[in-house]
Amino acid sequence: MSENALSEAEQKRMGLQMSLEAWENARRLGVGAEMLSSAAVFAAITEMVELYGEEPVATLVEGWPERIRAGEFSPPERS
């Protein structure tokens, strides 16, 4: 199946689903969440640099501290 055959939303949904499945498999095999987190961030940034170049990716991540502090990446509170 061609990458272009799927809508952007479907690609994102499938990518997230497949990533979560790989994450669960690695955890079952004993890989620690800290190691997985670091590897996932490194892999994502490496791929983005390959696709877009260093400067656009550096610009993208410049705003991350504020977004993190604002709770954008925090899990929802459980009641």
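# Briefing on a four-helix chain

The chain holds 4 helices and 0 strands. The model described here is predicted. Read from the N terminus, the order of its elements is α-α-α-α. The points below treat the overall form, the surface, the largest pocket and two residues of helix α3.

**Overall form**

- The radius of gyration of the chain is 15 Å, whereas a compact globule of 79 residues would have a value near 12 Å.
- Along its principal axes, the C-alpha trace of the chain extends over about 35 × 35 × 25 Å.

**Surface and charge**

- Of the 79 residues in the chain, 4% are buried, where buried stands for a relative accessible area under 20%.
- The chain exposes an area of about 7000 Å², and 59% of this area is supplied by carbon and sulfur atoms.
- Among the side chains, 7 are positive and 14 are negative.
- The centre of the positive set and the centre of the negative set lie 9 Å apart.

**The largest pocket**

- Rolling a probe the size of a water molecule over the atoms shows where empty space is left.
- The largest pocket has a volume of about 590 Å³.
- Two elements, α1 (8–28) and α2 (33–52), each give two or more residues to the lining of this pocket.
- In total, 13 residues line the largest pocket.
- Among these lining residues, G15, L16, S19, A40 and A44 lie nearest the centre of the pocket.
- Helix α2 provides 7 residues, which is the largest share of the lining.

**Two residues of helix α3**

- Helix α3 covers residues 54–62, and E62 lies in this helix.
- E54 also has its place in helix α3.
- Is E62 buried or exposed? The relative accessible area of E62 is 55%, and E62 therefore counts as exposed, since the cut-off for that class is over 50%.
- E54 has a relative accessible area of 63%, so E54 is exposed.
- E62 and A26 are 36 residues apart along the chain, and their C-alpha atoms are separated by 30 Å.
- Between E54 and F73 there is a separation of 19 residues in sequence, and the distance in space is 23 Å, C-alpha to C-alpha.

How values were computed
Residues are numbered from 1 along each chain as its sequence is written. This is a predicted model: local features need pLDDT of at least 70, side-chain atom pairs count only at pLDDT 80 or more; totals for chains, interfaces and linings use all residues. Side-chain values use heavy atoms; hydrogens and water are left out. The radius of gyration is taken over C-alpha atoms; the globule rule is 2.2 Å times the number of residues to the power 0.38. Buried means under 20% relative accessible area, exposed over 50%, partly exposed in between (1.4 Å probe, protein chains only). Accessible areas come from the Shrake-Rupley method with a 1.4 Å probe; for residues, only the protein chains shown count as cover. Lys and Arg count as positive and Asp and Glu as negative; His and the chain ends are not counted. The place of a charge is taken as NZ of Lys, CZ of Arg, CG of Asp or CD of Glu. On a 1 Å grid over the protein atoms alone, a cavity is a set of points where a 1.4 Å probe fits but cannot get out, and a pocket is an open set with protein on both sides within 12 Å along at least five of seven lines; lining residues have an atom within 4 Å of a point. Grid points are joined across faces, edges and corners, and a volume is the space filled by probe spheres set on the points.
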